[in-house]
Structures are given as C-alpha cells and as structure tokens.
Amino acid sequence: MIPPLQLREQLVVQLLEARGALRQRLRLDHVEAPEQTVLARAALRRRTALRTRGAALVRLRIAFDHGSSLTGETDYDEAMAPTLHEQLLQTLGTRIVGGELAPGTVLHAEQIARDEGVSRPVVREVVRVLQAMGLVAATKRVGIRVRPAEAWNLYDPLVIRWRLAVGSSGGQLRSMTELRSAFEPKAAELAAQYRDDRDAAKLLGLALEMREVGRAGDLKRFLELDIAFHRFVLTASGNEMIAQLERIVAEVLTARTEQGLMPHQPHEDALELHVRVAEAIWARDSGEAHAAMDRIMRRTAAEVSVTWSDLPRPSILPEA
C-alpha cells in the first residue's frame with residue numbers, strides 16, 4: 001500500500017534526524033582527533049594544487065565520475081577561473097559543434113597556439129580530449145581534421161552542452177527528451193522492484209522537498225532537487241548502464257531552466273507526479289512507478305516541444 005502522508009512525513013523526519021546525528025558525530029570526531037583535520041586539509045591542498053596546474057582533462061573526468069555536469073555545482077568551479085585548457089576546449093568545441101569549423105577542415109597546432117595565445121602542450125592536451133569525443137582526428141604531417149557529426153560521441157556531457165548552447169538546441173532537446181522517455185519509465189519500474197527501504201525513504205524525502213520548494217518558486221533549488229531525484233531513480237534501478245545516463249538527464253534539466261523553458265513556478269500536477277513516482281517505488285508498485293514517470297516524460301515533452309516543432313528530423317540512415 002502507498003504510505004499515508006503522516007507515515008511519509010515521519011520517514012522524512014527520521015532521515016533528517018539521522019543526517020543531523022551523523023553531522024554531529026563528524027564534528028565530534030574532528031574535536032577528538034584534530035590530526036584527522038590536519039590530514040584532510042593537507043589532502044585538500046594537494047587536490048587544489050593539482051587543479052591549479054591546469055590539468056583540464058583530469059578535472060573533467062573527476063567531475064564526470066562524481067556526477068557533476070560542470071555547471072558550477074562543484075565548489076572549486078565557483079572559486080577558480082577556467083584554465084587555459086578549459087577555455088581552448090570550450091572555444092574549439094563550440095566552433096566545431098556550431099558548424100563554424102566544418103567537417104573536413106584541417107587545423108594545425110602551431111596556428112591554434114598562435115591564434116589563441118596558448119602553448120603547444122595546451123593545444124595537444126585539448127586535441128586529445130576532442131579526439132576522445134570523436135570531434136577531430138589528428139594525423140602526423142596532415143594536421144587536425146574536423147570529423148562529421150556522425151562520428152561524435154553524442155552522449156558526452158560536454159558535446160551535449162555545446163549542442164544545447166549553439167543553434168541546434170531545439171534538435172538536441174528533442175533527441176534527449178525522446179531518449180529520456182524511453183529509459184526513465186523503465187528505470188522507475190526497476191527501482192520499484194529492487195529498491196531498499198533506506199533508498200525509498202530518501203526518494204520520498206526528495207519528492208516532498210521538491211513539492212515544497214516548487215510551490216515556493218525557488219527554481220534554482222528546485223533544479224538541484226530535480227536532478228537529484230531523477231539521478232536517484234536511475235541509480236536505484238540497479239542497472240549500471242541506466243545509472244550512467246543520469247548525466248544526460250542533468251544536462252537536459254539544466255538547459256531547460258537556463259533557456260527559460262521552465263514556468264516561474266512548477267505546475268502542481270508535475271510536483272504531485274514526482275511524489276507519486278516516489279510513493280510507487282516505496283510501495284514496490286512497478287506498474288504505477290512506470291506509469292507515473294511516463295506521465296512526467298509526456299508532460300515534459302509537451303512543454304518543451306515548442307523548441308523543435310518546426311525542425312525536420314535529421315537523416316541518420318547511411319546513403320545507399
């Protein structure tokens with residue numbers, strides 16, 4: 001049975017109390033063993049030093065591994081200016097994805113270094129990242145050749161972000177929304193089958209907080225909770241391949257807010273649907289979890305379809 005509101009609220013209160021007790025214990029641990037604090041601060045300094053040496057590829061992969069979409073959610077992104085690596089990666093990536101650098105265009109490291117005012121090692125590092133994304137191919141004595149869109153890793157979070165930032169945002173939103181509609185209802189169904197009580201209680205807490213924040217019109221906090229909610233559902237599915245798709249969900253939710261496609265105050269129906277998904281997962285009702293998430297996806301598609309209503313679908317079939 002779906003738990004009554006009073007039981008849900010009790011679960012959330014217990015969860016918050018447990019978190020508070022854990023935080024208090026951590027504070028006591030720091031008082032009782034100050035050497036642990038010294039070691040932690042030393043480790044933080046080492047990590048900061050690594051970042052400030054301009055290891056852009058390392059920073060990107062660390063962020064992706066921890067689920068960050070590099071939208072300023074991590075502490076160091078707010079405190080540090082972009083490195084030369086990141087600036088050049090952003091410049092070349094958006095120029096390629098936006099079509100300014102057409103497929104077949106040949107670039108040369110020396111010219112890039114002169115034009116952008118960076119060193120050749122910086123260029124080489126950025127080219128390696130672009131190669132991993134499928135955007136370019138580097139060949140000795142030829143140069144750096146821009147590859148066609150069919151070769152790109154369209155699931156890479158940066159490629160997704162660049163496509164959303166340039167003129168193809170409508171088509172990108174369509175592709176990502178249709179993809180979400182295919183896997184998120186199934187993820188909710190699996191989560192209802194395989195969740196444990198602790199995870200289900202956390203999900204209920206997220207859904208109830210989303211409803212409260214949404215009614216208050218705090219879109220920034222609502223976005224954070226929305227990303228966390230969908231990430232939690234995908235992870236709770238118990239399928240590691242579905243779980244990794246949370247980066248796609250985070251990007252499309254962020255873009256939807258940044259492009260002004262979210263209402264100033266989320267609709268009450270949408271808020272209640274998230275609660276229904278959480279309740280169904282708690283009750284192990286896989287059919288209801290699938291149906292409620294499917295309704296969320298259909299509602300989302302209807303709200304953002306204005307961005308692609310007049311766009312033709314891309315031709316992805318190979319020519320005969």
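# Loops, packed helices and salt bridges

Modeller: R141 lies in the loop between β2 (136-139) and β3 (143-146). Strands (E, at least two residues) and helices (H or I, at least four) are DSSP runs, numbered from the N terminus. This is a predicted model, in which local features need pLDDT of at least 70 and side-chain atom pairs pLDDT 80 or more, while totals for chains, interfaces and linings use all residues. Residues are numbered from 1 along each chain as its sequence is written, and side-chain values use heavy atoms, with hydrogens and water left out.

Biologist: Why is R141 counted as exposed?

Modeller: The relative accessibility of R141 is 85%. Exposed means over 50% relative accessible area, buried under 20% and partly exposed in between, for a 1.4 Å probe and protein chains only. R141 is therefore exposed.

Biologist: What value does phi of R141 take?

Modeller: Phi of R141 is near 65°, a positive value in a residue other than glycine. R284 also has a positive phi, near 60°. R284 lies in the loop between α14 and α15. Its relative accessibility is 45%, so R284 counts as partly exposed.

Biologist: What joins R276 and E288?

Modeller: Their side chains meet in a salt bridge, at 2.6 Å from N to O. The term requires a side-chain nitrogen of Lys or Arg within 4 Å of a carboxyl oxygen of Asp or Glu, so the pair of R276 and E288 qualifies. R276 is in helix α14 (residues 268-282) and E288 in helix α15 (residues 286-304), so the salt bridge ties together parts that are 12 residues apart in sequence. R276, at 32% relative accessibility, is partly exposed, and E288, at 23%, is partly exposed too.

Biologist: How far apart in sequence are R298 and D294, and in which helix do they lie?

Modeller: R298 and D294 are both in helix α15, 4 residues apart, which is about one turn of the helix. Their side chains form a salt bridge with an N to O distance of 2.7 Å.

Biologist: Why is R298 counted as exposed?

Modeller: R298 has a relative accessibility of 60%, which puts it in the exposed class. D294, at 21%, is partly exposed.

Biologist: What makes R95 and E100 a salt bridge?

Modeller: The closest N and O atoms of R95 and E100 are 3.2 Å apart, so the pair meets the salt bridge rule. R95 is partly exposed at 26% relative accessibility, while E100 is exposed at 56%.

Biologist: How many salt bridges does the rule give?

Modeller: The count comes to 19. Some residues are linked in a network of salt bridges, namely R256, D269, R295, R299 and E303.

Biologist: Now the packed helices. Why is α5 called oblique to α7?

Modeller: Helix α5 (residues 84-97) packs against helix α7 (residues 120-133) at about 50°, with the axes 9 Å apart. That makes α5 oblique to α7. Angles under 35 degrees count as roughly parallel, over 145 as roughly antiparallel, 65 to 115 as roughly perpendicular and the rest as oblique. Axes are lines fitted to C-alpha atoms, for helices over the stretch in contact, and angles run from 0 to 180 degrees between N-to-C directions.

Biologist: Which residues of α5 and α7 meet?

Modeller: L84, H85, L88, L89, L92 and G93 of α5 meet V122, V123, E125, V126, V129 and L130 of α7, contact being heavy atoms within 4.5 Å. They divide into 9 nonpolar, 2 polar and 1 charged. Ala, Val, Leu, Ile, Met, Phe, Trp, Tyr, Cys and Pro count as nonpolar, Asp, Glu, Lys and Arg as charged, and the others, Gly among them, as polar.

Biologist: Why are α8 and α13 called roughly parallel?

Modeller: Helix α8 (residues 157-165) and helix α13 (residues 246-258) pack at about 20°, with axes 10 Å apart. The angle falls in the first class, and α8 and α13 are therefore roughly parallel to each other. P157, I160, R161 and L164 in α8 meet R247, I248, E251 and A255 in α13. This contact divides into 5 nonpolar, no polar and 3 charged residues.

Biologist: Why does E251 count as buried?

Modeller: E251, which is in helix α13, has a relative accessibility of 3%, so E251 is buried. E251 and M176 are 75 residues apart in sequence and 9.2 Å apart in space, C-alpha to C-alpha.
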